[in-house]
Amino acid sequence: MTTEEILAYVKQHPSGKVKVAVADIDGVLRGKYIAADKFASMVEGRLGFCDVTFGWDMGDVAYDNVKYTGWHTGYPDALVKLDLSTFRKIPWENDVPFFLGDFINENNEAAYTCPRQLLRKVLAEAGELGFRPYFAQEFEWFNFAETPESVHQKNFQALNPLTPGMFGYSILRSSLKNPYMTDLFDLLCKFGIPVEGLHTETGPGVYEAAIKYAEVLQAADQAILFKTAVKEIAYQHGIMATFMAKISENLPGCSGHVHQSLWDKEGKQNLFYDEHAEHKMSDLMKSYIAGQLHCLPFILPMIAPTINSYKRLVEGAWAPTTLTWGIDNRTVALRALPGHLKATRLETRVVGSDTNPYLALSACLAAGLYGVKNKLSLDKEATTGNGYKDLSNGILPGNLHEATLKMKGSPLAGELFGTSFVEHFTLTREWEWKQYAKVVTDWEMKRYFEII
């Protein structure tokens, strides 16, 4: 739609308001309603938004270790530029108009803390190299027959799964809760998030959805909106959806696999495909894979950002632990899916459902482009069979603290994303680790209370 058409829709909407949102460093959408008149007055300008968005954690606790903002700055307003190309109508809110925004400074330059702006930066680099990246993220998540009130009353213990039992790809379970599943499929598509597939996954109340591929920025927008939209649709059915990477040590984790390919500037030719090469994988695709293998240990917090992320990355749980790649192999970190002209792509399986899509897609693309720019050879042979046993190229860092230290001390991370972003981001991950480290857990009580 043109700007004029958007303004006309906003003006005519009976609600008299617009919903806007920005993504914080954890991938949590922070937003508000603004009056239609105010929207019309600032559509070509900028919106004030408190910069505490990048000064606190996902629990709204202020960081005490970052430079960008804090008590030392007084938490002033930052500037947000709404991206009119993200215009959507929220079908479960009477088609209220919705927009995403980017943080900028007074000179209209990207704020270094803004995840969406970081992806724009990496995308611009891809364009300069002559590539048009197409990406898609898929998600698994648990659904519980609970409300925010009941979950807190139960202290997050003994929650009721939406359906019992291990029912992956179940026709029975999709029929059992069909009104919810139907609403998910239909309303997400109406919201501009084209769902290609939706099914139950193995585990009580677990669903999986695949989102149709798009240019990388659009793909990230779709992914971050998907997570919030699912939660909002679930609320209306008396359901709570969670995108934690690992809900229980006794159940599989939840992935957020990223599918990716590089095309020519016109978007007509998949440059990962080579009809005459082995497996029909182009040299470009091989260098892209080599780049990710090389970079992953140094950028892991961007695709495994929480304490819980690393509970998923354990052997034999459908999530990788080793720096490996293979052809259509689900036990490796990087699963190559070659052979078809349009569908040849790479699936990065390290990524969990708890990621910030802007950061996860930035990490995948920047790491792949590093391999392309430096003409890295894919010297590591494709892993066949059990990737958990292939230690020839090393293993991934085992927890957020270890991964953050590796990223913080890496010149490579600064080269890929800029030193200002890396400093801010790794400080937020250090904060997350410190919050975890000081808490007395249920495990400790059960382990030590009586016997020690």
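In the protein chain of this predicted model, residues 24 or more positions apart account for 71% of the contacts that have a separation of 6 or more. The chain is built from 14 helices and 14 strands, and its radius of gyration is 22 Å, close to the 22 Å that the globule rule gives for 452 residues, so the chain is as compact as a globular protein of that length. The points below go from the whole chain to one group of strands and then to two loop residues.

**Overall extent, burial and surface**

- Taken along the principal axes, the box filled by the C-alpha atoms of the protein chain is roughly 60 × 60 × 50 Å.
- Of the 452 residues in the protein chain, 55% count as buried.
- The area that the protein chain exposes comes to about 20,200 Å², and carbon and sulfur atoms supply 53% of that area.
- The protein chain carries 45 positive and 53 negative charges, and the mean positions of these two sets are 1 Å apart.

**Strand β1 and its partners**

- Strand β1, which covers residues 17-23, is mostly covered, with six of its seven residues buried.
- On one pairing, β1 runs antiparallel to strand β2 (residues 29-35), and seven bridges join the two strands; within this pairing, Val20 has Lys32 of β2 as its bridge partner.
- β1 and β2 together form a hairpin with five residues between them, and in the turn Gly27 has a positive phi of about 85 degrees.
- β1 is also joined to strand β5 (residues 96-104), here by three bridges and in a parallel arrangement, and in this pairing Ala21 stands opposite Leu100 of β5.

**Two aspartates with positive phi**

- Asp60, which is a residue other than glycine, has a positive phi near 65 degrees, and its place is in the loop between β3 (47-50) and β4 (77-90).
- The relative accessibility of Asp60 is 40%, a value that lies between the 20% under which a residue is buried and the 50% over which a residue is exposed, and Asp60 therefore counts as partly exposed.
- Asp95 likewise is not a glycine, yet Asp95 has a positive phi of about 60 degrees; this residue lies in the loop between β4 and β5.
- With a relative accessible area of 34%, Asp95 is partly exposed.

Key
Residues numbered from 1 in each chain as written. Predicted model: local features only at pLDDT ≥ 70, side-chain atom pairs only at ≥ 80, totals over all residues. Heavy atoms only, no water. Helix = DSSP H or I, 4+ residues; strand = E, 2+ residues; numbered from the N terminus. Rg over C-alpha atoms; globule rule 2.2 N^0.38 Å. Buried < 20%, exposed > 50% of the residue type's maximum accessible area, 1.4 Å probe, protein only. Contact = heavy atoms within 4.5 Å. Areas by Shrake-Rupley, 256 points an atom, 1.4 Å probe, with all protein chains shown as cover. Lys, Arg positive; Asp, Glu negative; His and termini not counted. Charge placed at Lys NZ, Arg CZ, Asp CG, Glu CD. Pairing = 2+ DSSP bridges.
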